[in-house]
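Please open the structure in the viewer and keep the sequence at hand. The tour proceeds by selections, each followed by a description of what is found there.

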Amino acid sequence: MEKVFIPSGVETSEFTEKKSRFISLCMPAEDPEEIRRIIKDVRKEHPQSRHVVWAYILGDSRSLFGMSDDGEPHGTAGKPVLEVLKGSGMTNILILVIRYFGGIKLGTGGLVSAYTRSAKDVLEKIVPLEKIARSRFKLHCPYNYYEQVKKEILLQDGSVEKEDFGTDVTMEILLPEGQVEECTVHIRDISSGCLTLKKME
């Protein structure tokens, strides 16, 4: 299976071109709904900006993408940013470029150059992180096994997403797919065969 890379965190960069200020943000994003929310929040944070240009790529196959010139001449803003993103090899990634207009027009070539530079500058700061496929499981765990089981999950690079403490502890767990078998065996050993991970859809 081909490796998939995502951005490891959020980065920003900024430069000024003919008195126009270009601020670029790059960050991980999971779906179009999250992206819409981020764009809305960025607009609120920069109410005096003239344009908030953006582009994104989503999905393990990098087949879902979108962009916006946000009022800049067609093809001079969103497309250059998207082209830089395509060259990054990463997915689940969003770049926004906020422009504060400085009163001097840059022209078509100048805009393409400025938005390309904005995307490249911020992308250079991003560390690609391999995306690990994870599966979600539910486990009903008696209290006498709880500490050992939780320790085992964390040892297998898993995470406990949710815990409900009732008669026993109901746990929702995320495990890397490559660790599921080993973790299952160890939990069975800890509980003398009593506990089984149940995969959630």
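The stops below lead from a sheet and its helix to two loops.

**The sheet.** Please bear in mind throughout that this is a predicted model. Begin by selecting strands β9, β10, β8 and β11, which in that order make up an open sheet of four strands with antiparallel pairing. At the edges are β9 (159-165) and β11 (198-199), each of which pairs on one side only.

**A pair within the sheet.** Next, select residues 134-141, strand β8, together with residues 169-176, strand β10. Eight bridges join these two strands in the antiparallel sense. For one example, display Ser135 and Leu175: the latter, in β10, is the bridge partner of the former.

**The helix on the sheet.** Now add residues 143-155, which form helix α4. Which strands does helix α4 touch? Helix α4 packs on the sheet and touches β8, β9 and β10. The direction of helix α4 makes about 15 degrees with that of β10.

**First loop.** Move to the loop between β2 (11-17) and β3 (20-28) and select Lys19. Although Lys19 is not a glycine, its phi is positive, at about 70 degrees. Is Lys19 buried or exposed? Its relative accessible area is 63%, and because exposed means over 50%, Lys19 counts as exposed.

**Second loop.** Finally, select Arg62, in the loop between β4 (51-58) and β5 (64-68). Arg62 is likewise a residue other than glycine with a positive phi, here near 60 degrees. With a relative accessible area of 25%, Arg62 is partly exposed.

Definitions and conventions. Residues are numbered from 1 along each chain as its sequence is written. This is a predicted model: local features need pLDDT of at least 70, side-chain atom pairs count only at pLDDT 80 or more; totals for chains, interfaces and linings use all residues. Side-chain values use heavy atoms; hydrogens and water are left out. Two strands pair if DSSP finds at least two bridges between them. Contact means heavy atoms within 4.5 Å. Axes are lines fitted to C-alpha atoms, for helices over the stretch in contact, and angles run from 0 to 180 degrees between N-to-C directions. Buried means under 20% relative accessible area, exposed over 50%, partly exposed in between (1.4 Å probe, protein chains only).
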